[in-house]
Amino acid sequence: MSEDNGPAILPNTSKFKAAIQLMNEVEESKFPLLLNRIIKKLHSKKEQPFSEEEKEQLVDVLGLNLSQLNSILDSCAFIFEQAAYYTLHPNRLARQLHEAELNETQCIAFQKVWKAEGNNFISELKEQSLVPKVMDTVKYQLHLQMAQSNLSRLKEPTALFELTLNDTDPENDIAPEKVRVEFTHEQLFAFYQQLEQIQGQLDSLS
């Protein structure tokens with residue numbers, strides 16, 4: 001994880017500041033437990049860190065109302081997501097939180113939890129797809145069509161592609177989707193150049 005200072009990655013909004021102040025009011029011994037539960041469940045698309053029943057218990061234990069609790073949980077999740085996106089070093093995360101006026105004890109709690117669980121969380125995210133469908137197979141064929149201009153009888157070649165898309169969630173029993181796309185020579189060449197650029201960016205990250 002990167003340890004350089006870099007730009008601020010946390011918002012300076014009144015809503016986020018209010019959430020930080022609520023975090024400061026959480027009992028120091030209980031705050032790390034919240035963070036551990038959040039980061040271990042955050043990668044799941046179908047399971048929330050806390051059930052509605054558990055939230056009701058937390059409201060009583062922490063002396064908060066439900067809106068305040070949700071603000072804390074959502075903001076903690078957002079902080080971990082930002083830390084994952086920027087692959088923050090635990091020390092840098094603590095510094096960013098300190099600059100956001102989170103108290104020292106809570107900053108240390110974030111730092112320790114991120115140090116212990118951050119790599120696992122990032123690995124879980126890497127295994128997930130950001131889109132509901134991914135490409136499985138590609139078929140193509142060439143096609144000749146008459147030029148639209150009345151001044152020419154030349155045939156314009158095009159390429160027809162059929163893409164088979166599968167749902168990324170194996171639990172969804174959804175049949176593959178067929179998508180057909182047609183390119184002219186000029187469009188296909190431009191698309192190829194974009195793919196080359198994307199490939200270069202992926203190579204630089206690997």
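In the predicted model, Thr-164 is in contact with Val-134, Met-135, Asp-136, Thr-137, Pro-176, Glu-177 and Lys-178, once neighbours within four places in sequence are set aside. Thr-164 is found in strand E2, and with a relative accessible area of 6% the residue is buried. Two polar contacts are formed by the side chain of Thr-164. One is made with the side chain of Thr-137, at 3.0 Å; another is made with the side chain of Lys-178, at 3.1 Å. The C-alpha atoms of Thr-164 and Lys-178 are 4.8 Å apart in space, although the two residues are separated by 14 residues in sequence.

Strand E2 belongs to a secondary structure that comprises seven helices and three strands. Along the sequence, these elements follow the pattern α-α-α-α-α-α-β-β-β-α. The protein has 206 residues, of which 28% count as buried. The exposed area amounts to about 14200 Å², and 52% of this area is supplied by carbon and sulfur atoms. Among contacts between residues at least 6 apart in sequence, 65% join residues that are at least 24 apart.

Charged side chains were examined next. The structure holds five salt bridges, including one between Lys-40 and Glu-117, whose closest N and O atoms are 3.9 Å apart. Lys-40 lies in helix H2 (residues 31-41) and Glu-117 lies in helix H6 (residues 104-126), so this pair ties together parts that are 77 residues apart in sequence. Lys-40 has a relative accessible area of 46% and is partly exposed, whereas Glu-117, with a value of 18%, is buried. The distance of 3.9 Å between the closest N and O atoms of Lys-40 and Glu-117 satisfies the criterion of a side-chain nitrogen within 4 Å of a carboxyl oxygen.

A salt bridge is also formed by Glu-47 and Lys-41, with the closest N and O atoms 2.8 Å apart. Glu-47 counts as partly exposed at 41% relative accessibility, and Lys-41 likewise counts as partly exposed, at 25%.

In the strand region, the side chains of Glu-162 and Arg-180 meet in a salt bridge with an N to O distance of 2.7 Å. This pair links distant parts of the chain, since Glu-162 belongs to strand E2 (residues 155-167) and Arg-180 to strand E3 (residues 177-184), 18 residues apart. Glu-162 counts as buried at 17% relative accessibility, while Arg-180 counts as exposed at 62%. The salt bridge between Glu-162 and Arg-180 thus joins a buried residue to an exposed one.

Aromatic side chains were considered in turn. The count of aromatic pairs comes to nine. Tyr-140 and Phe-161 form a tilted pair, with a centre-to-centre distance of 6.0 Å and an angle of 35° between the planes. The two rings connect distant parts of the chain: Tyr-140 lies in strand E1 (residues 133-146) and Phe-161 in strand E2, 21 residues apart. Tyr-140 is exposed, with a relative accessible area of 61%.

A stacked arrangement is found for Phe-183 and Phe-191, whose ring centres are 5.2 Å apart and whose planes enclose an angle of 20°. The assignments of the two pairs follow from the angles, because planes under 30 degrees apart count as stacked and those over 60 as edge-to-face, with the rest classed as tilted. Phe-183 counts as buried at 16% relative accessibility, and Phe-191 is partly exposed at 35%. Elsewhere, ring pairs link Phe-31, Phe-80, Phe-110, Trp-114 and Phe-121 into a cluster.

Cysteine residues were examined last. A search of the whole structure returns zero disulfides. Cys-76 counts as buried, with a relative accessibility of 0%. Cys-107 is also buried, with a relative accessible area of 5%.

Methods: Residues numbered from 1 in each chain as written. Predicted model: local features only at pLDDT ≥ 70, side-chain atom pairs only at ≥ 80, totals over all residues. Heavy atoms only, no water. Disulfide = S-S within 2.5 Å. Buried < 20%, exposed > 50% of the residue type's maximum accessible area, 1.4 Å probe, protein only. Helix = DSSP H or I, 4+ residues; strand = E, 2+ residues; numbered from the N terminus. Contact = heavy atoms within 4.5 Å. Areas by Shrake-Rupley, 256 points an atom, 1.4 Å probe, with all protein chains shown as cover. Polar contact = N/O pair within 3.5 Å; in protein donor to acceptor, adjacent residues only side chain to side chain. Phe/Tyr/Trp six-rings, centres within 6.5 Å; stacked < 30°, edge-to-face > 60°.
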